[in-house]
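This report describes parts of a protein complex, one region at a time. Please keep the sequence and the structure in view while reading.

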Amino acid sequence: MSMLRLDQIFMAAVVAAMMVVPMMSASEESLNLISLILVWGLFAVGFDLIFGMAGMLSFGHAAMFGAGGYALALLAPQVGYVPALLAAALAGVVLAFLLSVFALRVSGLFFSLLTLALAQLAYILASTKLRAFTGGLDGIPGVPRPAMFGVDFYNNRNFFYFLMAVFVIGVAIMAVLRVSPFGSALKAVQANDVRAEQIGYNVQRLRQCAFMISGAYAGVSGALLASLMFYVSPQMLHWSTSGDVLIMTLLGGKGTLLGPVLGVAVFEVLKEELSQFTQHWYGILGIVFILCTIFLPNGIAGLFAKLGRIGKGASK
Amino acid sequence: MSVGTGVSLQCENILVAFGGLKAVAGVSRSFESGRIYGLIGPNGAGKTTLMNALSGHATLSAGKVVLNGRDITKLSVHARTRAGLGRSFQITKIFAGMTVLENLKLAAFAHLYRVQPFWMPAGRFADVRQGAEKVLEQIGLERLANAPAENLSHGDQRALEVGLALLSDPSVLLLDEPLAGVGHERLEQAIELIRRIVAGRTVLLIEHNMDVVMQISDEIVVMVQGQLLASGSPAEIKANPAVRAAYLGEDE
């Protein structure tokens, strides 16, 4: 149990290799693509804490993602970049808390539907009611990037290193969370919530904590996306954003640390390649997704687990 | 009744109603420390519902549950566990996808930490491992420590089910048919296990095997149609004509 499994090492190697690509190649496309994968990867890694570990299908993570984007866009000019990034995490936590107050009263499908409804409420607020702050459907252009150590982060290559640093820190924290007693408790809640409660776990509090931590990840990654694009709009709060992160996580393999990152990578690469040929890339992605759920129920991580077993068998 | 060492669990006029059906229709009863109570009655008598009311799984329409002098009526399930009430389920509820030892460790973490540590790998907690291994030995599953819990034989799963309730070292233990489905060849062993783990605790035991319940219990409590019909020593209950009419007679 304490030993790192082979498939996890493989996955880490693939993710690491992916991050090295922009360092080796001068191409702007690969730089932008990997930057995007890191941002969405962080989002998916946080999403899996609630989805893969606690077994709750949230369909409202777009709310925290968007809130992070807006928090950064509005606060960075006033308080500086890093405090604004922390505020984005806090915005995700606070919003997740508010959502959880309502959504955690129910479970299963009803939880998914309530999170969806509440996130749509946030979408409507941002796109119309709070127009004075959010710029309505036009969004807020000119979202800043960090300014520190005298480095020009408006250079995409430099900003990529910043994203990589945040990504690595985020994944490292999540790695510890997942193997900690807190992580075990979440798995227990997923496996049998009645029994988990009976042996003394405060199941609702555990779910709420996981949801809020997941919200922090959504907030930070939303802020980073806004920074990467120099732009934030209600589209980030749209329900399809919640759908995307779900598809990415399932594609990569829920319940694994790095599987969701690989799911994001496949999603973004396919989107990038397909959209060059056809407008209907989303439909083709859908077909790929359906095929994957049929033939790869455990996602790409499941493929790695198979590889790991073969590798182990060969070494014996 | 002789004077016991004190009352550990007290039911005061407990009422649990589902719509118009009174599953538990006003039960008042004290359970004294360190004694084993066999709760018997025909199907639908409300035994499991009474247990649910005590453990917090069923909402009381009226009445009070007092554990070691403390009113726990309003407490949630996990808070009651913390207060010293343990329970096993009629339908096995173990954590599938985990080993036997991991199952027990979860119970140990839940018992030992109010806030689950999130900064350190779960494998580094020696106190948790020791607690889990102690119970593993008590329930006699050492040889299966690293076996996936869902692959265990039915009898072993029942033992693990009871083991999970033991980790919080409860002063009052509710056992809902701990021997259900345990085969003949394992029965002696299972009874022996229950005898061992209940020592020093107040136990409320639902069991359909009459020979077993009469053999284990200090006192039998008979429940019929949501109410207590009679209670007494196993010998008294066997001789009680009302009980025979309401319950035992059915089988003979």
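## The hairpin of β1 and β2

In chain B, strands β1 and β2 form a hairpin with two residues between the strands, and B:G19 takes a positive phi near 65° there. The model is a predicted one, and every description below should be read in that light.

The two strands of this hairpin, β1(B) and β2(B), run antiparallel and are joined by nine bridges. Within this pairing, B:C11 stands opposite B:R29, a residue of β2(B).

## The four-stranded sheet of chain B

Which strands make up the open sheet, and in what order? The sheet has four strands in the order β2-β1-β4-β5 of chain B, and the pairing is antiparallel. At the edges stand β2 (21-32) and β5 (70-71) of chain B. Each of these two has a single partner strand, so one side of each is left without a neighbour in the sheet.

Strand β1 (residues 7-18) of chain B also pairs with strand β4 (residues 62-67) of chain B, in the antiparallel sense and through five bridges. Two pairs of residues illustrate this part of the sheet. B:Q10 has B:V66 of β4(B) as its bridge partner, and B:L15 is matched in the same way with B:A62 of β4(B).

The pairing of β4(B) with β5(B) is antiparallel and rests on two bridges. Here B:L67 stands opposite B:R70 of β5(B). These strands, β4(B) and β5(B), also form a hairpin with two residues between the strands, in which B:N68 takes a positive phi near 50°.

## A helix across the sheet

Helix α1 (residues 47-55) of chain B lies across three strands, namely β1, β2 and β4 of chain B. Relative to β2(B), the helix runs at about 65°.

## Two buried residues in chain B

Is B:L228 buried or exposed? The residue belongs to strand β10 (residues 227-232) of chain B. Around B:L228 there are 21 other C-beta atoms within 10 Å; because 20 or more are required for a residue to count as buried, B:L228 is buried. Apart from its neighbours within four places in sequence, B:L228 is in contact with B:V27, B:R29, B:V221 and B:M223. The C-alpha atoms of B:L228 and B:G163 are separated by 29 Å, and these two residues are 65 residues apart along the chain.

A second example is B:V100, which is placed in helix α3 of chain B. This residue has 28 C-beta neighbours inside 10 Å and therefore counts as buried. When neighbours within four places in sequence are left aside, B:V100 is in contact with B:L136, B:L141, B:L144, B:A145, B:A147, B:A149, B:L152 and B:L160. From B:V100 to B:M51, which lie 49 residues apart along the chain, the C-alpha separation is 26 Å.

## Where the two chains touch

How many residues does each chain bring to the contact? Chain B brings 29 residues and chain A brings 21 residues. On the side of chain B that touches chain A, the elements giving two or more residues are α2 (77-82) and α3 (100-112) of chain B. Of the elements on this side, α3(B) gives the most, with five residues. By character, the residues on this side of chain B divide into 19 nonpolar, seven polar and three charged.

## Two helices of chain A

Helix α3 (residues 61-79) and helix α5 (residues 109-129) of chain A have axes that come within 8 Å and cross at roughly 30°. Because an angle under 35 degrees counts as roughly parallel, α3(A) and α5(A) are therefore described as roughly parallel to each other.

The contact is made by A:A62, A:A63, A:G66 and A:Y70 from α3(A), together with A:L118, A:A119, A:A122 and A:A126 from α5(A). The residues of this contact divide into seven nonpolar, one polar and no charged.

## Confidence in the model

For the complex, the predictor gives an ipTM of 0.86 and a pTM of 0.89. Chain B has an average pLDDT of 88, and 96% of the residues score at least 70. Among the elements of chain B, α2(B) has the highest mean pLDDT, at 94, and helix α9 (residues 241-251) has the lowest, at 70.

Technical notes. Residues are numbered from 1 along each chain as its sequence is written. Chains are lettered from A and ligands numbered from 1 in the order in which they are written. This is a predicted model: local features need pLDDT of at least 70, side-chain atom pairs count only at pLDDT 80 or more; totals for chains, interfaces and linings use all residues. Axes are lines fitted to C-alpha atoms, for helices over the stretch in contact, and angles run from 0 to 180 degrees between N-to-C directions. Angles under 35 degrees count as roughly parallel, over 145 as roughly antiparallel, 65 to 115 as roughly perpendicular and the rest as oblique. Two residues are in contact if their C-beta atoms, placed from the backbone, lie within 7 Å. Ala, Val, Leu, Ile, Met, Phe, Trp, Tyr, Cys and Pro count as nonpolar, Asp, Glu, Lys and Arg as charged, and the others, Gly among them, as polar. A residue is buried if 20 or more other C-beta atoms lie within 10 Å of its own, exposed if 12 or fewer, and partly exposed in between; C-beta atoms are placed from the backbone. Two strands pair if DSSP finds at least two bridges between them. pLDDT is the predictor's confidence in each residue, from 0 to 100.
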